[in-house]
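Thanks for coming. I will take the charged pairs and then the nonpolar side chains, and I will keep it brief.

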Amino acid sequence: PTDMLLLTPCLHMLPKVPPGSSGLADKETRYRQRYLDLIMNPTTRSTFITRTHAINFLRRFLDMHGFLEVETPMMNAIPGGATARPFITKHNDLNLDMYMRIAPELYLKMLVVGGLDRVYEIGRLFRNEGMDLTHNPEFTTCEFYWAYADYEDLIKFTEELLSQMVLNICGGYKVKLHLEAKLGEPAKELEIDFTPPFRRIPMISGLEEKLGVKIPL
């Protein structure tokens, strides 16, 4: 370029990339300074974009199958819908302790009872429990309810949802998962095939096969 316009000065140098590395590797820095992670690691940016595509597809898929998206309360007088330790907050005007929701289940079931046969919600849950790199006390879930459907309907529905989502986002049914390398070992690549129909495994016989035991019934 012959001309350059400085939009804003950078007061800190970007971290140096170690030889043989393709980006910022220090996990502490990556998770505490996410903007650096996004700048230095294209795969992180790709993860953000893929997550958005997955949620958008999930919403479209449920809408096309006649489900109604709803919003249920985030604060409850009594925590319910799951067994988990809740976060507690304060409603100042009512002088009342409230609990951040741990699941939307009970409110969604009330809507089904009220005549909304297919409902779903994509939203945040809060569980005041352990945390690590793959478990966060606040996280996004999708929960849906479908009146008059049995488990066979849900098996077919889930199979179509997952296979079509992968096809729509990745352009094919097979995706490659890059596993984190252990110290002194090369990184491993795992291929997952979402081509329908999925194999159906009976729970009891499947457990007996993998565990090598006979479960008494």
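Glu28 and Arg32 form a salt bridge, with 2.4 Å between the closest N and O atoms. Bear in mind that this is a predicted model. Both residues sit in helix α1, which covers residues 27-32. They are 4 residues apart, about one turn of the helix. How exposed are the two partners? Glu28 is partly exposed, at 47% relative accessibility, and Arg32 is exposed, with a relative accessible area of 67%.

That pair belongs to a longer list: searching the whole structure gives 10 salt bridges. I will go through two others.

Next, helix α2, residues 34-40, which holds both Asp37 and Arg34. Their side chains meet in a salt bridge, at 2.6 Å from N to O. The spacing here is 3 residues, again described as about one turn of the helix. Is Asp37 buried or exposed? Asp37 counts as buried, because its relative accessibility is 0% and the cut-off for buried is under 20%. Arg34, its partner, is partly exposed at 29%.

The third pair is Arg59 with Glu69, a salt bridge of 3.0 Å, N to O. Where do these two residues lie? Arg59 is in helix α3, residues 42-64, and Glu69 is in strand β1, residues 68-69, so this salt bridge ties together parts that are 10 residues apart in sequence. Both ends are partly exposed: Arg59 has 25% relative accessibility, and Glu69 has 35%.

One addition on Asp37 and Arg34: through salt bridges that share partners, they are joined with Arg30 into one network.

Now the nonpolar side. In soluble globular proteins, nonpolar side chains tend to be buried together. Which residues make up the largest nonpolar core here? There are 10 of them: Phe57, Leu58, Phe61, Leu62, Phe67, Tyr120, Ile122, Phe157, Leu161 and Met165. At least two residues of this core come from each of α3, β5 (118-126) and α5 (151-170). Helix α3 contributes the most, with 4 residues.

To look at one member of the core, take Phe57. Setting aside neighbours within four places in sequence, Phe57 is in contact with Leu161, Gln164, Met165 and Asn168. Two of these, Leu161 and Met165, are also on the list of core residues.

To come back to helix α3: this helix carries Arg59, one end of the salt bridge to Glu69, and it also gives the most residues to the core. That is where I will stop.

Key
Residues are numbered from 1 along each chain as its sequence is written. This is a predicted model: local features need pLDDT of at least 70, side-chain atom pairs count only at pLDDT 80 or more; totals for chains, interfaces and linings use all residues. Side-chain values use heavy atoms; hydrogens and water are left out. A salt bridge is a side-chain nitrogen of Lys or Arg within 4 Å of a carboxyl oxygen of Asp or Glu. Buried means under 20% relative accessible area, exposed over 50%, partly exposed in between (1.4 Å probe, protein chains only). A nonpolar core is a set of buried Ala, Val, Leu, Ile, Met, Phe, Trp, Tyr and Cys residues joined through side-chain atoms within 4.5 Å. Contact means heavy atoms within 4.5 Å.
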